[in-house]
Amino acid sequence: MDSNKKYWKGLEELNKTPEFVELNKHEFAEPIPIEDVLTGGGLAGKTPRRDFLKALGFGVGAVTLAACQKVPVHKSIPYLIKPEEVTPGIPNFYTSTYEGHAILVKTREGRPIKIEGNPNDLLAKGGVSAQAQASVLDLYDVNRLKSPVKDGGDYGWSQVDDFVKNELAVIKAGGKKIRIISSTVSSPSTLAVINDFITAYPNTKHINYDAVSYTGIIQANQNSFGKAVLPHYNFDKADIIVSFGADFLGTWISPAEFIRQYVQNRNNKSLQSKKMSRHIQFETGMSVTGTNADVRIPIKPSEEGIALVALYNAISGTTLPGTKTLNNTVAAKSIAIVSKELLAAKGKALVVAGSNDVATQVLVNAINSLLGSYGTTIDLDNPSHQYAGNDAEFVEFVNEMNRGEVDAVFFLNANPVYDYYKSNDVAAALKKVRLKVSFANYPDETASLCNIIAPNHYYLESWGDDNAIEGYYTILQPAINPVYDTRQAEHSFLVWSGSTFKDYYSYVRNNWDKNLLAKGNLSGQSGWETLLQTGFVKVADKPAGTYTFSRDLNAVAQTIMDHSNVLADGNKTELQVYQSVAMRDGKRANNPWLQELPDPVSKVTWDNFAAMSPSDMKRLGYADGDVVKIDANGYSIALPVLSQPGQTQGTISVAVGYGRTKVGLVGINVGKNAFPFYSLRNGTFQSSAAVVLTATGDNSPLAQTQTHHSIEGRNSIIKEATFTEYLKNPATRTGEEEDHKVYSLWDEYERPSYNWVMAIDLNACTGCGACVVACNAENNVPVVGKDEVRRRREMHWIRIDRYYSFNDNGNGGVTKEHEIAKLEDLDHVKVVYQPMLCQHCDHAPCETVCPVLATVHSSEGLNHMAYNRCIGTRYCANNCPYKVRRFNWFNYWNDARFENYLQNDHTLLVLNPDVTTRFRGVMEKCSMCIQRIQAGKLKAKIEKRPLKDGDVKVACQQTCPANAIVFGNGNDPDSEVSKALKSERTYYVLEELNVKPGIGYQVKVRNISELEA
């Protein structure tokens, strides 16, 4: 591969902007604000000696005392009668389910503090998404409703029940319609409860409504094969994957599961078997999936359907009439190559598309049918139940309300007044409905317009089940008693329908006893207890059927062309609306862990924005942060623009999930709502539009993290190779440094017992960010807020560095002379993700400069931090070449100036008691979850056995859906980490510095030809 490849984190680093150069001169963006401390006491900048000493005693002294304070001591009452299952200091784990995945809920003294993946989960094999990791925090959200509400005032449950039942009786007698609007319900027991309610009130209809819809795929399968289902995709069975805008590693359908599948053919084990899948991505905006693709081709939304038609024509050898030629030269050439590769991989090929357009998905079905994908990479016989929304039914529901036909509506986990594209129509129509009930946890945009808010239990307080995939049933059990005076929605339905069941637990238990336990060869009380311990049952898959595509595609192709013509307005910019990995559809907008999680691609936090190609930015005269007004569909918002390499020219991308107006303090008015840019075409919601951009003259700086920790142009950070090069020589890599003589200032020591080391496979890491949130939860990492992130003060112990690259050919980046050429290069950049955390160096440069020995090396190879010894000189951070140390500028976890989840005593319950909270003036960094290491050793000691490989898993490793992180004892030659570090692909970041890091990285390999490189 070309040795002139250049890596860079952001355009400001590539272009060496004056602001970046100035900030990069200093280890920290700002000095310690000592003048603020002094002047805060009424002192001027020039301070008399007496006043200075007085300030020192009462100002700086107070700060010092605050920095030395430990966690406040509260008087506690010991158990009078200790619960049998609770032992102070010992965690309990409960099986549960999150979005159909089997999970484990870790509790301490009765309070959930951490979500872990169930290692036996059939979907993600123990992996957990960032959203799942962050979900534990919402349990303690003080903005949740504390009790039922009627017309804005508090109400008792008995009063609610009487009111609702009386209203339903009147409505039933009057014969008007009752509607239950929910996001997709895949729980067998919940569906049974809803059916019982429909039996009691026959004029009721249940409508599934998903803010981000997959109706197009479901309806296309109905039209193509007579089965209205969402397929279960098998990316692990595909030798070649071609995606048209489907972000299956980020947000599409079931990303945690798809990540696990995807890396099976790309990780270290697969490469050692000389096997690697090939992935080509056609897309508008740079997505997580696009950044991981072997080849990525930027296309406009208007070109997506045309490209699919071209692919069908190339594979089938026919030409659909009335279709247009693909004007995108790069895409057209790629289609010609890809079609041949797909045909060569018949039976092991997979084509997917992210569009919700029925015609587009029918064409995708035709292509996959030609490739023999059904029964191998696509399973229609064991489909997914994760999304079942019906767009047309919801549109008709709004029309029914407008006609005055609906007298009662119940909203279950649905908020259409926020996320429906015509939310004002829903709000207006609701005024014509007599009884409006919401089960929301918050007085959200829809709930605030309802007569009754009957707050639902949070999922960690609930009984229930799920059936995300046909034949796979998971159980939901409470890990804590209800925090507030809430009640499970299913229980409310049972009460209002006159059920004889006393509570929902009894109903779930009865449903499993009668219908579901037998599916797992279980029965009775022992079978129920086994279920609660394992968390799921699995029925054997149904055999694959035979599916033949015989639909006429002429009308389909014409519909696609018409859609393309609507978008391709030469005077307008094409808009793509997408979900971000952190916010998704906005339901968790009040979660600060997610708001502060950097977007994998842009590294923006606490905001959405309009991503624009660098070429368009230059042509229009925009700079990062310039606010533009975006107009489409009679709706407009003003957002800052961001120069995004890889964004298709002539397009912008905007994330949904922001702009909440009725949510807690964390998420309210963060960003702008992009859902109204959706439109209804051919019966389904579409996420692209032609828009008009207008500069407002304002500038709103974004809080990005990508260049906060510069590597000063060093070339030994990222190493990669092509698959062809790897097959020739597994040790091949770019940026290979010449051997040089090594000198050491440190003595070497033997580690007879343990040598804790880590291996990270860059070919498996997708950049999803789950490890970042898992570390936050495990190690009590504080949230600092948008302003502090902009000051380069984020506190994450692990970050995922995103590097762009292109072949530089010795030009040294973008210069005045090479500017035009490089702007074109920026459309086709490649991306590598690299998790970066404390490297626990054997020759740690931080240790030698600490004047108080606050950071020292252990006999087991770990770099320790003694927080109560640290005086905050920050010399260690200055001397760390990896820039992984974090300084506490404030007591972030309890300072009232930061609207932080840790401000109140209630939310403090989420803290891990095994990890101390840090205080102002102290440095912190990754500890390799030392508390888990000690717990593992203690457990082995109690059981009178040696510590086994796998007994200790650090938080980032345990949550990773890709299994990209391996941790263990390097002294054990049979340990997984020892085997990983012996791989020919292993290298160490900045190895030439001879600091001897304890983390080895494995070279990124791309399955590309030399021409594509």
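A residue counts as buried when its relative accessible area is under 20%, as exposed when that value is over 50%, and as partly exposed in between. Keep that in mind as you click around this predicted model.

**Warm-up: V783**

Select V783 to try the idea out. You'll find V783 in the loop between α25 (770–779) and α26 (786–790). Buried or exposed, what would you call V783? Its relative accessibility is 4%, so V783 counts as buried. Now add H796 to your selection: the C-alpha atoms of V783 and H796 are separated by 8.6 Å, with the two positions 13 residues apart along the chain.

**Zoom out: the whole chain**

Show everything as a cartoon. The protein chain has 32 helices and 42 strands. How much of the chain is buried? Of its 1013 residues, 62% count as buried. Contacts also reach a long way along the sequence: taking those between residues at least 6 apart, 75% join residues at least 24 apart.

For one pair of residues that are far apart in sequence, select G152 and I453. They sit 301 residues apart along the chain, yet their C-alpha atoms are separated by 8.7 Å. G152 itself lies in the loop between β5 (149–150) and β6 (153–154). With 71% relative accessibility, G152 counts as exposed.

**Inside: helix α18**

Next, select residues 489–496, which form helix α18. Here 7 of the 8 residues are buried, so α18 is largely enclosed by the rest of the structure. Colour the buried ones if you like: A489, E490, H491, S492, F493, L494 and W496.

What covers them? Show the neighbours, and you'll see that the cover includes the helices α6 (157–174), α7 (188–200) and α19, along with the strands β7 (177–182), β15 (406–412) and β16 (435–438). Before moving on, click G498, just after α18: this glycine takes a positive phi of about 75°.

**Two helices crossing: α19 and α20**

You met α19 as part of the cover of α18. Select α19 as residues 504–516 and α20 as residues 524–534. The two helices pack at an angle of about 110°, and their axes are 11 Å apart. That makes α19 roughly perpendicular to α20.

Which residues meet here? On the α19 side, show Y505, V508, R509 and W512; on the α20 side, show G524, Q525, W528 and L531. Sorted by class, the residues of this contact are 5 nonpolar, 2 polar and 1 charged.

If you're wondering about the spacing of residues on a helix, here's a handy rule. An α-helix has 3.6 residues a turn, so residues three or four places apart point the same way.

**Another pair: α15 and α17**

Now pick helix α15 (residues 391–402) and helix α17 (residues 423–430). This pair packs at about 40°, with axes 8 Å apart. That makes α15 oblique to α17. The crossing of α15 past α17 is left-handed.

Turn on side chains for F394, V398, M401 and N402 in α15, which meet D425, V426, A429 and L430 in α17. This contact has 6 nonpolar residues, 1 polar and 1 charged.

**Two loop residues with a positive phi**

Most residues other than glycine have a negative phi, and most peptide bonds are trans. With that in mind, select K125, in the loop between β4 (111–117) and α5 (130–138). K125 isn't a glycine, but its phi is positive, about 55°. At 46% relative accessibility, K125 counts as partly exposed.

Then jump to N633, in the loop between β24 (626–632) and β25 (635–643). N633 isn't a glycine either, and its phi is positive at about 55°. N633 is partly exposed, with a relative accessible area of 47%.

**Last stop: the cysteines**

A disulfide is a covalent bond between the sulfur atoms of two cysteines. How many does the structure hold? The count is 0. Select C926 and C838: C926 is in no disulfide, and the nearest cysteine sulfur, that of C838, is 5.8 Å away. C926 counts as buried, at 8% relative accessibility.

Finish with C960 and C768. Why is there no bond between them? The closest cysteine sulfur to that of C960 is in C768, 6.2 Å away, which is too far for a bond; a disulfide needs the sulfur atoms within 2.5 Å. C960 counts as buried too, at 16% relative accessibility.

How values were computed:
Residues numbered from 1 in each chain as written. Predicted model: local features only at pLDDT ≥ 70, side-chain atom pairs only at ≥ 80, totals over all residues. Heavy atoms only, no water. Axes fitted to C-alpha atoms, helices over the stretch in contact; angles between N-to-C directions. Helix = DSSP H or I, 4+ residues; strand = E, 2+ residues; numbered from the N terminus. Parallel < 35°, antiparallel > 145°, perpendicular 65-115°, else oblique. Contact = heavy atoms within 4.5 Å. Nonpolar A, V, L, I, M, F, W, Y, C, P; charged D, E, K, R; others polar. Left-handed = near helix turned anticlockwise from the far one by under 90°. Buried < 20%, exposed > 50% of the residue type's maximum accessible area, 1.4 Å probe, protein only.
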